[in-house]
Amino acid sequence: MIAALLRRDLGLLVPGGRGGGGILPLLFFLAVAMLYPFAVGPDAQLLARTGGGVIWVAALLAAILPLEKLVAGDLEAGVFDQLHLRGISEEWAMASRLLAHWLAFVPLLLLATLPAAALLGLDADTTRTVLLGLLAGTPGLAAVGLAVAALTASLRGGAALAGLMVIPLAVPILIFGAGALGRPDPAALLLTAAISLGLCAVTPFIAGAALRAAREA
């Protein structure tokens, strides 16, 4: 049952899936990488020095775009009520949605980081650090997005509120993930991964409680 639920969630969230619009975060991410050199000029040293941080900010903003599709539609359609009647708890449903959200969004984002790094003139070492940082930090970004989407799904204008809430909550991941670019040791990457793991551990319970509260309201 859980495997079937994960397949359904992936079909909903992957680019070209039933939910549609899954490619928009990737296009947004690439657009930022393409436009930033025009904004700051052709200074190669400036682009190389700031490009890694720009990629992190673009990844954070791109992660906000799918939030409206994560919970609100299925909550309104009664999907989670049906899952509850079939013995699947809200926590299991949210754990499946979290994994599907990460799988639908992050692998393509990591691939898109390569041309983005080339556009920004990043060297191989910096590109590798950015990729490792995103690999460590994106589970946390996905967890924060899902928790906020669940908390705001039953509210009017919840999508806009969710976007505003995600940004400050994701700042620690951004600080340590982007901070790894200026440190020769792996401490910042390890802290980023630790924050992500902690967020992934608690998010199904937070999101599940939010779904129960929405059903009982």
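Ile206 is found in helix H11. This is a predicted model. Ile206 counts as partly exposed, because its relative accessibility is 38%, between the 20% and 50% limits. Helix H11 also holds Thr203 and Arg212. The points below start with H11, move to the salt bridges, and end with the nonpolar core.

**Ile206 and Thr203 in helix H11**

- Leaving out residues up to four places away in sequence, Ile206 touches Ala147 and Leu151.
- The C-alpha atoms of Ile206 and Leu146 are separated by 9.4 Å. Along the chain, Ile206 and Leu146 are 60 residues apart.
- Thr203 is placed in helix H11. Thr203 counts as buried, because its relative accessibility is 2%, and the limit for buried is under 20%.
- A polar atom of the Thr203 side chain lies 3.3 Å from the backbone oxygen of Ala143.
- Ala143 is also among the residues that Thr203 touches. The others are Leu146, Ala147 and Gly208, again not counting residues up to four places away in sequence.
- Ala147 is thus on the contact list of Thr203 and on that of Ile206.

**Salt bridge from H11 to H7**

- Arg212 forms a salt bridge with Glu91. The closest N and O atoms are 2.8 Å apart.
- This pair links distant parts of the chain. Arg212 sits in helix H11, residues 187-216, and Glu91 in helix H7. They are 121 residues apart.
- Arg212 is partly exposed, with a relative accessible area of 26%. Glu91 counts as buried, at 17% relative accessibility.

**Salt bridge from H5 to H7**

- The side chains of Asp74 and Arg97 meet in a salt bridge, with an N to O distance of 2.7 Å.
- This pair also links distant parts of the chain. Asp74 is in helix H5, residues 72-77, and Arg97 is in helix H7, residues 90-120. The separation is 23 residues.
- Asp74 counts as buried, at 9% relative accessibility. Arg97 counts as buried too, at 1%.

**The salt-bridge network**

- A search of the whole structure finds 7 salt bridges. Side chains of opposite charge can pair when their charged atoms come close.
- One of them joins the side chains of Arg8 and Asp9, at 3.6 Å from N to O.
- Arg8 counts as partly exposed, at 28% relative accessibility. Asp9 is buried, with a relative accessible area of 0%.
- Arg8, Asp9, Asp74 and Arg97 are linked in a network of salt bridges.

**The largest nonpolar core**

- The largest nonpolar core has 56 residues. Phe29, Ile55 and Val71 touch the most other members.
- Helix H7 gives the most to this core, with 13 residues.
- Ile55 touches Phe29, Thr113, Ala116, Ala117, Leu120, Leu122, Val130 and Leu134, not counting residues up to four places away in sequence.
- In soluble globular proteins, nonpolar side chains tend to be buried together.

**Helix H7 across the topics**

- Helix H7 holds Arg97, the partner of Asp74. Helix H7 also holds Glu91, the partner of Arg212.
- Helix H7 is the top contributor to the largest nonpolar core as well.

Key:
Residues numbered from 1 in each chain as written. Predicted model: local features only at pLDDT ≥ 70, side-chain atom pairs only at ≥ 80, totals over all residues. Heavy atoms only, no water. Salt bridge = Lys/Arg side-chain N within 4 Å of Asp/Glu carboxyl O. Buried < 20%, exposed > 50% of the residue type's maximum accessible area, 1.4 Å probe, protein only. Helix = DSSP H or I, 4+ residues; strand = E, 2+ residues; numbered from the N terminus. Polar contact = N/O pair within 3.5 Å; in protein donor to acceptor, adjacent residues only side chain to side chain. Contact = heavy atoms within 4.5 Å. Core = buried A, V, L, I, M, F, W, Y, C linked by side-chain atoms within 4.5 Å.
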